Amino acid sequence: MTEHTIIRRAVYPGSFDPVTFGHLDIITRAAQSVDELIIGVLENRAKIALFSVEERVNMLKIITKDIPNVKVESFHGLSVDFVREQEAGFIVRGLRAITDFDYELQMAQTNRIMAPKVDTIFFATNLEYAYLSSTTVKEVASYGGDITKFVPEIVAEAVIAKYQ
Ligand code: PNS
């Protein structure tokens, strides 16, 4: 690449508590669409998470290790500040169903006011995972249910360990 080559770099921000097959589907497809994808794991002090931010980053690093243009970082504060810090031009988000639309559009519009040069790209979640959320994974696991169809094996083991 020459020094004038424009790199399409995107940030996929989220809680990833824990990462699911739905997230992994978005990560895989987004990584194919941009040059570099940075997964931003939000350290949200106001929200009680099952996993520490370090645990969430580590799990994401393990499950994305074979995707060469993916990097995993934690951040706190505004997503758009992290995006600018990373010198990225895009925010990636997944849309599972109409129920996500209100919140996601509100967030995208707010982010665009704060950072007009940053655009949000939405990926329609694969139908196979359209029902899936980190919250339901935790709920099922908390009652001893099988979560191996929802999350990668190392994640399932870590979630189960938390509830034992
Ligand atoms: O995985 P999630 O919980 O749906 O992700 C939500 C996330 C992290 C993208 C969103 O809460 C976020 O960007 N939080 C950081 C604060 C911020 O930038 N808010 C957007 C202004 S509306």
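**Exercise 1. List the residues around the ligand, then find polar side-chain atoms close to its oxygen atoms.**

Step 1. Take every residue with a heavy atom within 4 Å of the ligand. The residues around it are P13, G14, S15, L42, K47, G77, L78, S79, R93, Y103, M107 and N111. This is a predicted model: local features need pLDDT of at least 70, side-chain atom pairs count only at pLDDT 80 or more, and totals for chains, interfaces and linings use all residues. Residues are numbered from 1 along each chain as its sequence is written, and side-chain values use heavy atoms, with hydrogens and water left out.

Step 2. Look at the side chains. S15 has a polar atom 2.6 Å from a ligand oxygen. S79 has a polar atom 2.6 Å from a ligand oxygen. For R93 the distance to a ligand oxygen is 2.9 Å.

Step 3. Check the cover. On its own, the ligand has 550 Å² of accessible area (Shrake-Rupley method, 1.4 Å probe). The protein covers 73% of that area.

**Exercise 2. Find which residues of helix α2 are buried, and where they sit around its axis.**

Step 1. Helices are DSSP runs (H or I, at least four residues), strands likewise (E, at least two), numbered from the N terminus. Helix α2 spans residues 53-63.

Step 2. Apply the cut-off: buried means under 20% relative accessible area, exposed over 50%, partly exposed in between (1.4 Å probe, protein chains only). V53, R56, V57, M59, L60 and I63 of α2 are buried.

Step 3. Use the directions from the helix axis to the C-beta atoms. These residues cover an arc of only 165°, so they lie on the same side of α2.

Step 4. Ask what covers them. The cover includes α1 (21-33), β2 (36-42), β3 (70-75) and α6 (153-162).

**Exercise 3. Explore the residues with a positive phi and the cis peptide bond.**

Step 1. Recall the background. Most residues other than glycine have a negative phi, and most peptide bonds are trans.

Step 2. Turn to the loop between β1 and α1, where F16 lies. F16 has a positive phi of about 50°, although it is not a glycine. F16 counts as buried, at 2% relative accessibility.

Step 3. Stay in that loop, which also holds P18. A cis peptide bond joins D17 and P18, with omega about 0°.

Step 4. Move to the loop between α3 (79-85) and β4 (90-95), where E87 is found. E87 is not a glycine either, yet has a positive phi of about 55°. E87 is exposed, with a relative accessible area of 64%.

Notes: Contact means heavy atoms within 4.5 Å. A polar contact is a pair of N or O atoms within 3.5 Å; within protein, one must be able to donate a hydrogen and the other to accept it, and residues adjacent in sequence count only if both atoms are side-chain atoms.
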